[in-house]
Amino acid sequence: ARACRPTPAARARGAAAASTRLTEAQVRGIRAAYAAGGVTQRALAARHGVSQATIGAITARKTWRHLT
């Protein structure tokens, strides 16, 4: 039998997801800081306690894309 999984629209997003480590405000701050320049993804990752890959996905809008 197939497992019942929520549809993409029904899944918890952002801070509502149980495994999240960042808040929406932090994600907006990360995007703003990176767009302004002068800070690396690695430095942002160290500051927020996540991996560089996580920061890269945030800045490329592969994750947290529901935020404007």
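**A three-helix model, by question and answer**

Biologist: How much surface does the protein expose, and what share of it do carbon and sulfur atoms supply?
Modeller: This is a predicted model. The protein exposes about 4900 Å². Of that area, carbon and sulfur atoms supply 53%.

Biologist: What pattern does the protein follow along the sequence?
Modeller: Count the elements to start. There are 3 helices and 0 strands. Read along the sequence, that gives the pattern α-α-α.

Biologist: What percentage of the residues is buried?
Modeller: Buried here means under 20% relative accessible area. The protein has 68 residues. The buried share of them is 24%.

Biologist: Which helices supply the largest nonpolar core?
Modeller: This core has 11 residues in all. Among them are Val27, Ile30, Leu44, Ala45, Ile55 and Ile58. Leu22, Val39, Val50, Trp64 and Leu67 belong to it as well. At least two residues come from each of α1, α2 and α3.

Biologist: Which residues does Val27 touch, leaving out those up to four places away in sequence?
Modeller: Val27 is a member of the largest nonpolar core. Contact means heavy atoms within 4.5 Å. On that basis Val27 touches Leu22, Ile58, Trp64 and Leu67.

Biologist: Is α1 roughly parallel or roughly perpendicular to α3?
Modeller: Two packed helices are described by the angle and the distance between their axes. The axes of α1 and α3 come within 10 Å and cross at roughly 85 degrees. Angles of 65 to 115 degrees count as roughly perpendicular. So α1 and α3 are roughly perpendicular.

Biologist: Which residues of α3 meet α1?
Modeller: Look at the α1 side to begin. It brings Val27, Ile30, Arg31 and Tyr34. Across from them, α3 brings Ile55, Ile58 and Thr59.

Biologist: Why do the buried residues of α2 lie on the same side?
Modeller: Helix α2 covers residues 41-48, and its buried residues are Gln41, Leu44 and Ala45. They lie on the same side of α2 because they cover an arc around the axis of only 100 degrees.

Biologist: Which helices help cover the buried residues of α2?
Modeller: The residues to be covered are Gln41, Leu44 and Ala45. Their cover includes residues from two helices, 24-36 and 52-59. These are α1 and α3.

Biologist: Which exposed residues does the face of α2 turned away from its buried side carry?
Modeller: Exposed means over 50% relative accessible area. The face turned away from the buried side carries Arg42, Ala46 and Arg47.

Biologist: Which residue just after α2 takes a positive phi?
Modeller: Helix α2 spans residues 41-48. Just after it, a phi of about 75 degrees appears. The residue is Gly49.

Methods. Residues are numbered from 1 along each chain as its sequence is written. This is a predicted model: local features need pLDDT of at least 70, side-chain atom pairs count only at pLDDT 80 or more; totals for chains, interfaces and linings use all residues. Side-chain values use heavy atoms; hydrogens and water are left out. Buried means under 20% relative accessible area, exposed over 50%, partly exposed in between (1.4 Å probe, protein chains only). Helices (H or I, at least four residues) and strands (E, at least two) are DSSP runs, numbered from the N terminus. The arc is that of the directions from the helix axis to the C-beta atoms. Accessible areas come from the Shrake-Rupley method with a 1.4 Å probe; for residues, only the protein chains shown count as cover. A nonpolar core is a set of buried Ala, Val, Leu, Ile, Met, Phe, Trp, Tyr and Cys residues joined through side-chain atoms within 4.5 Å. Axes are lines fitted to C-alpha atoms, for helices over the stretch in contact, and angles run from 0 to 180 degrees between N-to-C directions. Angles under 35 degrees count as roughly parallel, over 145 as roughly antiparallel, 65 to 115 as roughly perpendicular and the rest as oblique.
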